[in-house]
Amino acid sequence: MKNKKRKLEEEPFANNRVNYLINLISPNKKDKILNVGISNIPEIEMAIENKVKECWTIDMDKDKLEKASKYLKKTKLLREDITTWPLKKNYFDKVVILEVLEHLDSDTDALRWINSILKEKGTVIIGVPNKSLLHNINPVKYAEHKRHYSNEEIIEKVKIAGFEVEHLNVVENWSLLANLYIHLFFKFILHRTIPFNTFNKSANKTYMRENKSGLDIIIKAIKIKDVE
């Protein structure tokens, strides 16, 4: 038991998604952190805003920003488009961009923009959908996503944008889609909302170890050079 506990402390692995991501972010009091994309319940910002110097979040969705603001006290919320939003170069220590790149017309432009606002040796945490066969029954893939990624494809894009991959893991399983369909059933058929965590116990196991397959790719990369 002690050995297992020590391993979880020394590596980013954790018993759920949020803790795993916080371990990867590794927030400290000197950090200026930007999160690209907001959730109705902004768990990442809630967990780090009191641990860092500055916590920012940028999103185009006014309703989501308003809902998220009820949970946050110190996070700066910006309703802006990252492709046009001007910001001082080399400003942030860390950027978190989860479940966003697959929605953008140009993911490479977004990664280059992130490079420009990060300090030297700054960190980016990226989450994108994997090219899993299970995603073929994911309605969101066809309705909202521009693309999905293989490990090799996202690594190559990250490298071209001036980063070096420090950590890569493939997480989530069938339960992600089960949760999605339950959520859609309650939302559009019963006109109710329920927490998106019906099968979390199974999914959480994927954050406790390295996996060879899964529905999402999580990357931590370090800025090693500026790009034009």
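These exercises walk through a predicted model, each with a worked solution.

Residues are numbered from 1 along each chain as its sequence is written. The model is predicted, so local features need pLDDT of at least 70, side-chain atom pairs count only at pLDDT 80 or more, totals for chains, interfaces and linings use all residues, and side-chain values use heavy atoms, with hydrogens and water left out.

**Exercise 1. Confidence**

Task: Find the mean pLDDT of the protein, and state where pLDDT stays under 50.

Solution.
- Start with the term: pLDDT is the predictor's confidence in each residue, from 0 to 100.
- The protein has a mean pLDDT of 88. Of its residues, 89% reach 70 or more.
- Over residues 1–9, pLDDT stays under 50.
- For residues 1–9 the model has three contacts beyond four places in sequence. Contact means heavy atoms within 4.5 Å.
- Where pLDDT is low, the predicted coordinates should not be read in detail.

**Exercise 2. The sheet**

Task: Give the strand order of the open sheet and say which strands stand at the edges.

Solution.
- Helices (H or I, at least four residues) and strands (E, at least two) are DSSP runs, numbered from the N terminus. Two strands pair if DSSP finds at least two bridges between them.
- The open sheet has seven strands, in the order E3-E2-E1-E4-E5-E7-E6. Its pairing is mixed.
- Strand E3 (76–79) and E6 stand at the edges. Each has a single partner strand, so one side of each lacks a neighbour in the sheet.
- On average, neighbouring strands of this sheet are turned by 15 degrees against each other, direction ignored.
- Now take one pair. E4 and E5 run in the parallel sense over six bridges. Ile97 stands opposite Ile126 in E5.
- Add a helix: H7 packs on the sheet and touches E5, E6 and E7. Its direction makes about 155 degrees with that of E6. Axes are lines fitted to C-alpha atoms, for helices over the stretch in contact, and angles run from 0 to 180 degrees between N-to-C directions.

**Exercise 3. The nonpolar cores**

Task: Find how many residues the largest nonpolar core has, and which helix gives the most to it.

Solution.
- A nonpolar core is a set of buried Ala, Val, Leu, Ile, Met, Phe, Trp, Tyr and Cys residues joined through side-chain atoms within 4.5 Å. Buried means under 20% relative accessible area, exposed over 50%, partly exposed in between (1.4 Å probe, protein chains only).
- The largest core has 30 residues. Leu34, Val36, Val95, Leu101, Val124 and Ile126 have the most contacts inside it.
- Several elements each supply at least two residues, including strand E1 (32–36), strand E4 (92–98), helix H5 (107–117) and strand E5 (118–129).
- H5 gives the most to this core, with five residues.
- Another core, of 19 residues, lies apart from it. Leu21, Cys55, Val96 and Leu98 are among its members.
- Look closer at Ile126. Leaving aside neighbours within four places in sequence, its contacts include Ile97, Leu111, Val158 and Ile218.

**Exercise 4. Helix H2**

Task: Is helix H2 mostly covered or exposed?

Solution.
- H2 spans residues 17–25 and is mostly covered: seven of its nine residues are buried.
- The buried ones are Arg17, Val18, Tyr20, Leu21, Ile22, Leu24 and Ile25.
- At the start of H2, a side-chain oxygen of Asn16 comes within 3.2 Å of the backbone nitrogen of Val18.
- H2 lies across E1, E4, E5, E6 and E7, at about 15 degrees to E7.
- Ser26 follows H2. Its phi is positive, near 50 degrees, in a residue other than glycine. Ser26 counts as partly exposed, at 41% relative accessibility.

**Exercise 5. Two loop residues**

Task: Locate Thr206 and Glu172, and decide whether each is buried or exposed.

Solution.
- Thr206 sits in the loop between helix H9 (200–204) and E7. Thr206 is buried, with a relative accessible area of 6%.
- A polar side-chain atom of Thr206 lies 2.6 Å from the backbone oxygen of Ala203.
- Residues touched by Thr206 include Asn169, Glu172 and Asn211, not counting those up to four places away in sequence.
- Glu172 is in the loop between strand E6 (163–171) and helix H8 (174–189). Glu172 is also buried, with a relative accessible area of 9%.
- Phi of Glu172 is positive, about 70 degrees, although Glu172 is not a glycine.

Technical notes: A polar contact is a pair of N or O atoms within 3.5 Å; within protein, one must be able to donate a hydrogen and the other to accept it, and residues adjacent in sequence count only if both atoms are side-chain atoms.
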